[in-house]
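These are my notebook entries on a single structure. I set out to look up its salt bridges and its pockets.

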Amino acid sequence: MEASTVLRRADLNLIPALAALLDQRHVTRAAESIGIGQPAMSSALARLRRLFDDPLLVRHGRVLELTPMGQALLEPVHDILAGLEHLLTITPAFDPDNDTRSFTIAASDYVTLVLLRPLLEELYRKAPGIRVNVVPVNLATPVAIERAQIDLAVVPRQTMTSRMPHIQHRELFTEEYVPVVWKENREIGDVLDREAIERLSYVRYHDDNSAPALIDAQLAALGIEPRVALTTLSFALVPLLLPGTQFLGFVQRRLLRQTHLRRDLRILTTPIPIDPIVEHMYWHPVMHSDPAHHWLRERIAALASNI
């Protein structure tokens, strides 16, 4: 069957409903997610089943599960939605002085401070119509990139899966973790060895919605188990929690430049091999040629080369 014939048979208004049903796997929640009533979503599901000649969702106990056809449609339908949404915002050229645009960027608080804050300063001066919405990085970030639900993600290369060969990316900068204590800490000299890591009270970054920090994953791979005394949801808080305590923390070196407490901290050396962080910028191919998106990527890359 020719593509034009298929398109005449299909109702493109069903695409958002299809995406919601495949994501939510629940008719009522799918209806709520796109702002329609449950009867309308049930009707859309019936039409989709006729269109694909497949039930798409089948009941298994008390939950609905995707059929093989539903699984096969999951990624393509999000690519189609991303393309349609992007089609409505793309312009043939971009004038940063006058054009308006909103971008969503996934980034940690660390990246927000060292890279995106300078970006916002530049946008304020050179592109006043550009708005940036920063969302936290979590385990769903790779899926959000694959589905073009966000414009960019700035994350360590090590956190991305290898199943995304089509996703565009660009290396931005390399960072290193350094061990840090309060300058008056008398429980440790200037060298942090394995015994000291397991002896000192440790301030750990961890968020239930994200993977462990790369430093903690590396320590675990080396069989090192720090004695965790405090867990924080923020990278940026780690250096702020050390002064006045005997705690130990691992901090990204550039982050230390962002805190006025730098003079109260002491950076240690360590023989423990700790791999650097390689921060990359990731985006969906559908956005690659958009002039505004390209302009923003170039500004981020330029700033990253100078931080």
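Entry 1. I looked up the accessibility of Arg253 and found it partly exposed, at 33% relative accessibility. The model is a predicted one, and I keep that in mind for every value below. I then asked which residue Arg253 meets in a salt bridge. The partner is Glu176, with 2.6 Å from N to O. I placed both residues: Arg253 belongs to helix H10 (residues 253-256), while Glu176 sits in the loop between strand S6 (168-175) and strand S7 (177-182), so this pair ties together parts 77 residues apart in sequence. Glu176, like its partner, is partly exposed, with a relative accessibility of 36%.

Entry 2. I searched the whole structure for salt bridges and obtained eleven. I noted those of Glu122 in particular. One of them is with Arg299, where the closest N and O atoms are 2.4 Å apart. Because Glu122 lies in helix H6 and Arg299 in helix H11 (residues 291-304), the contact ties together parts that are 177 residues apart in sequence. I record Arg299 as partly exposed, at 23% relative accessibility.

Entry 3. I next checked Lys126, whose side chain meets that of Glu122 in a salt bridge of 3.9 Å, N to O. Why are these two residues separated by about one helical turn? They are four residues apart in helix H6, which accounts for that separation. Is Glu122 buried or exposed? Glu122 counts as buried because its relative accessibility is 6%, and the cut-off for buried is under 20%. Lys126, in contrast, is partly exposed, with a relative accessible area of 39%. I conclude that Glu122, Lys126 and Arg299 are joined into one network by salt bridges that share partners.

Entry 4. I turned to the largest pocket, which holds about 590 Å³ of space. The elements that each supply two or more residues to its lining are helix H6 (109-126), helix H7 (141-146), strand S5 (152-156) and strand S12 (277-283). Which element gives the most to this lining? It is H6, with four residues. I note that H6 is also the helix that contains Lys126 and Glu122.

Entry 5. I counted the lining of the largest pocket at 34 residues, and those nearest its centre are Val137, Thr159, Tyr205, Ser210 and Phe235. Sorted by class, the lining comprises 21 nonpolar, ten polar and three charged residues.

Terms used. Residues numbered from 1 in each chain as written. Predicted model: local features only at pLDDT ≥ 70, side-chain atom pairs only at ≥ 80, totals over all residues. Heavy atoms only, no water. 1 Å grid on protein atoms, 1.4 Å probe; cavity = no way out; pocket = protein on both sides within 12 Å on 5 of 7 lines; lining within 4 Å. Points joined across faces, edges and corners; volume = space filled by probe spheres on them. Nonpolar A, V, L, I, M, F, W, Y, C, P; charged D, E, K, R; others polar. Salt bridge = Lys/Arg side-chain N within 4 Å of Asp/Glu carboxyl O. Buried < 20%, exposed > 50% of the residue type's maximum accessible area, 1.4 Å probe, protein only.
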